[in-house]
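Reader: Hey, got a minute to walk me through this one? I'd like to go from a single chain to how the two chains meet.
Author: Sure, let's pull it up.

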Number of protein chains: 2
Amino acid sequence: MLVLITYDVSTINKPGQRRLVRIAKTCLNYGQRVQNSVFECLVDPAQWTTLRAELLRLYKPEEDSLRFYFLGANWESKVEHHGTKDTPNLETGTLIV
Amino acid sequence: MLVLITYDVSTINKPGQRRLVRIAKTCLNYGQRVQNSVFECLVDPAQWTTLRAELLRLYKPEEDSLRFYFLGANWESKVEHHGTKDTPNLETGTLIV
């Protein structure tokens, strides 16, 4: 299933900047960055449980915003991209243009 | 239907900064900003056709990235939010917490 992860992490201080890096790295362990704070992660339910728990451990509720969008298994027809930052289709590796 | 719009607009120059403002305003005409460059727009097909055309007119393919995610009609179970920037449910107005 495809889970879209978007976030706004407060970077006004050093801890926030570190959180941003860790959150991005964690997302990259499971998927790809498609825009600055937007990640597409193709995960099974067990992987999602782990990823979700890690993100909720890392982020700071009073300062950061995390949003998860569940696009399901048949996600390819639900995504449309225009412009720069072409990204490969997570399943086939072909570019989504 | 809910369309999620995410974008990265290059703001290294004045025209890019203007595009960013215009693109955000255009999205706000149809929905709400849930994070810095993430908008949720509840639109019917005709509205989406108009909004999409406007965004594609405004953005600059060589510099900007636009992504559209189609979450359909039963989108409420497909969205999960944590942290700051609570946003009202587009249909009921209640906060998604």
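**Strands, interface and symmetry**

Author: Keep in mind that this is a predicted model. To start inside one chain, a hairpin connects β2(A) and β3(A) by way of 2 residues.

Reader: How many bridges join β2(A) to β3(A), and do they run parallel or antiparallel?
Author: There are 4 bridges, and the two strands run antiparallel. As one spot to look at, A:G31 stands opposite A:C41 in β3(A).

Reader: OK, switching to the interface. How many residues of chain A are in contact with chain B?
Author: 35 residues of chain A touch 35 residues of chain B. In chain A, the residues that lose the most area to chain B are A:R67, A:E80 and A:H82, together 24% of what that side buries.

Reader: And what's the area buried between the chains?
Author: About 2,900 Å², with carbon and sulfur atoms giving 47% of that.

Reader: What about charges, how many salt bridges between chain A and chain B?
Author: The count is 4. One of them pairs the side chains of B:R52 and A:E80, at 2.5 Å from N to O. Polar contacts between the two chains come to 29 residue pairs, with both residues at pLDDT 80 or more.

Reader: Which elements of chain A supply at least two residues each to the side that touches chain B?
Author: β1 (2-8), β2 (31-35), β3 (38-42), α2 (45-58), β4 (65-72) and β5 (79-83). β4(A) has the largest share of that side, with 7 residues.

Reader: How do the residues of that side divide into nonpolar, polar and charged?
Author: On the side of chain A that touches chain B, 14 are nonpolar, 11 polar and 10 charged.

Reader: Back to strands for a sec. Which strand of chain B is joined to β5(A) by bridges?
Author: That's β4 of chain B, residues 65-72: 5 bridges join it to β5(A), and the two run antiparallel. A:H82 stands opposite B:L66 in β4(B).

Reader: Last topic, symmetry. What turn lays chain A on chain B?
Author: A turn of 180°, with a shift of 0.0 Å along the axis and an RMSD of 0.0 Å. So the relation is that of a two-fold axis. The same surface serves both copies, as 100% of the contact residues of chain A recur in chain B.

Reader: Which residue of chain A comes closest to the rotation axis?
Author: A:L71, whose C-alpha is at 3.4 Å.

Terms used. Residues numbered from 1 in each chain as written. Chains lettered and ligands numbered in written order. Predicted model: local features only at pLDDT ≥ 70, side-chain atom pairs only at ≥ 80, totals over all residues. Heavy atoms only, no water. Contact = heavy atoms within 4.5 Å. Buried area = accessible area lost by both parts, 1.4 Å probe. Polar contact = N/O pair within 3.5 Å; in protein donor to acceptor, adjacent residues only side chain to side chain. Nonpolar A, V, L, I, M, F, W, Y, C, P; charged D, E, K, R; others polar. Pairing = 2+ DSSP bridges. Least-squares fit on C-alpha atoms with pLDDT ≥ 70 in both.
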